[in-house]
Amino acid sequence: MTIEDEEIDLLLNDVFEMYGYDFTSYSRASLKRRIIRLCALDKFPSFAELRYRIRSEEDYLKRFVEEITVNVTEMFRDPSFYKVLRTDILPILGTKPFIRIWHAGCSTGEEVFSMAILLQEANLLKKSLLYATDLNPSVLEKVRKGIFPLTQMKQYSENYIASGGIKDFSTYYTANYGQAKLNQELSEKIIISTHNLVSDGSFNEFDLILCRNVLIYFDKDLQERALKLFDESLGALGFLALGSKETLKFSTIQSRFRQLDKEKIWKKMM
Amino acid sequence: MEEDDVKNKVKVVVIGGSAGSLTVLFEVFPTLLPDLKVAIILVLHRKNSADSSLSALFSTKTLIPTKEVEDKDPVLPGNIYLAPADYHLLIEKNLTFSLDYSEKINFSRPSLDVTFESAADVFGPALAAVLLSGANEDGTQGLIAVKNSGGLTIAQKPESAQMPFMPQHAIANMQVDKILDIKEIADFINSLH
């Protein structure tokens, strides 16, 4: 099926006006692909039918939001990044009486739990709080449960070891009926809330903000908005971590940050 | 339409490859004229490890600036862009790249179909798409999209490919405009002005 760009504009306008979700500043190429994919998945014979269903059925809007946002993530994704967190960042955060971390756009939470494991291994989890936010309430429900497919655990265990982990990864979960339930103690310091980077503001001051592979779905203007929000939400000498192909180089906040040697981690200098 | 008219329209060449495609590129790159007039976008199936050394390796084979794409980089003529490992690569109407970490397509991320379709949408008749060696069905749907948008479609001659399945699959499922061996692919790119 082909969809005209003007039709996408109409649809996004409907979604914003009727439901308050603003996707108009999302990267259009990716969004268009997701919408065409959704039409195929749900067997809409034409774009008009998709639009009608969204306009007339609030429950379907929920599915629309879930399917056009990308919720693919994994534990300890990019192990070398987690290794730097372990060896370079956590020792600095550990000198603070209290550690606040924000996972912005956390999706189903695999990276939040990865961080909880790092903090626990550094004996810092007790004095930490991890804020896990996403625009999408249904993915946050998965963070709340802390249950992931058992089939993923082999890959996650390899990532964990590559990130410098030395424990038996299987001690972090209980396997049951094809599911892996992460240990309850990892969830105790995770605070879950909806937050939309398009429309919501700063809600706390953090020592570390992680927003990895979220900004790639935004156009440059929306990226700038989100980066300013992170700047406002970071304390002095706080850290900002982005995805491996994301950058501050197009942003006005760049001058206030200094990038670490290798990974996509920036320190706020003033 | 005259052969030269078709070529004159081409502003972007997107090349997709899988198993057996690196040797093709290593043969083609040293023969490319340094004053490249078009942008070349490379999408290759490779291991997930975020290993950026491939673009460094390409840099040793050509004088044309070669870089692995970062999010929102502009698409500029005279450059070779390489899709990063483990992301889909898309192109925006404002001629910048977008990355996407959504589900694998044809067991692949980056998927050739994704980039071909996106490039077809943006560049239309100004696009040439080349499908190289591989053992996967990826690329055929993308080539069809390129064709439907008025772009030029090229498959590597299967007899010249280490893994003929991928170009053969395209040739069997659509009317590919040109079927070229390795030297002819290099000559084609050098003929674009």
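Select chain A and colour it by burial: of its 270 residues, 41% count as buried. A residue is buried if 20 or more other C-beta atoms lie within 10 Å of its own, exposed if 12 or fewer, and partly exposed in between, with C-beta atoms placed from the backbone. This is a predicted model, in which local features need pLDDT of at least 70 and side-chain atom pairs count only at pLDDT 80 or more, while totals for chains, interfaces and linings use all residues. Residues are numbered from 1 along each chain as its sequence is written, and chains are lettered from A in the order in which they are written.

**Chain A as a whole**

Stay on chain A and switch to a cartoon. Ten helices and ten strands should appear (DSSP runs, H or I of at least four residues for helices and E of at least two for strands, numbered from the N terminus). Along the principal axes, the C-alpha atoms fill a box of roughly 55 × 50 × 30 Å. The radius of gyration of chain A is 19 Å, which agrees with the value near 18 Å for a compact globule of 270 residues; the radius is taken over C-alpha atoms, and the globule rule is 2.2 Å times the number of residues to the power 0.38. Of the contacts in chain A with a separation of 6 or more, 78% join residues 24 or more positions apart (a contact means C-beta atoms, placed from the backbone, within 7 Å).

**The two domains of chain A**

Colour residues 5-68 as domain 1 and 79-268 as domain 2; these bounds come from an automatic or database domain assignment. The C-alpha centres of the two domains lie 29 Å apart. Where they meet, eight residues of domain 1 are in contact with ten residues of domain 2. Select helix α4 (residues 58-68) of chain A, which gives the most to the domain 1 side, with three residues. By class, that side has two nonpolar, three polar and three charged residues (Ala, Val, Leu, Ile, Met, Phe, Trp, Tyr, Cys and Pro count as nonpolar, Asp, Glu, Lys and Arg as charged, and the others, Gly among them, as polar).

**The core**

Next, show A:Ala116, A:Ile209, B:Val14, B:Leu42 and B:Ala129, the residues with the most contacts inside the largest nonpolar core, which has 125 residues. Such a core is a set of buried Ala, Val, Leu, Ile, Met, Phe, Trp, Tyr and Cys residues joined through C-beta atoms within 7 Å. Domain 1 and domain 2 of chain A both give residues to this core, so it lies between them. Centre on A:Ile209: leaving aside neighbours within four places in sequence, its contacts are A:Trp102, A:Ala104, A:Phe230, A:Ser233, A:Leu234 and A:Leu240.

**Between the chains**

Now display chain B beside chain A. Here 16 residues of chain A are in contact with 17 residues of chain B. Helix α2 (residues 28-41) gives the most to the chain A side, with three residues. That side divides into six nonpolar, five polar and five charged residues. The model scores ipTM 0.90 and pTM 0.93.

**Three backbone stops**

Go to A:Ser107, in the loop between β1 (99-104) and α6 (110-121) of chain A. Its phi is near 55°, a positive value in a residue other than glycine. A:Ser107 is buried, with 23 other C-beta atoms within 10 Å.

In chain B, select B:Asp86, between β4 (80-82) and β5 (88-91). Phi of B:Asp86 is also positive, near 70°, but this residue counts as partly exposed, with 19 C-beta neighbours inside 10 Å.

Finish at B:Pro110, in the loop between β6 (97-100) and α4 (112-123) of chain B. The peptide bond that leads to it from B:Arg109 is cis, with omega near 10°.

Technical notes. Contact = placed C-beta atoms within 7 Å.
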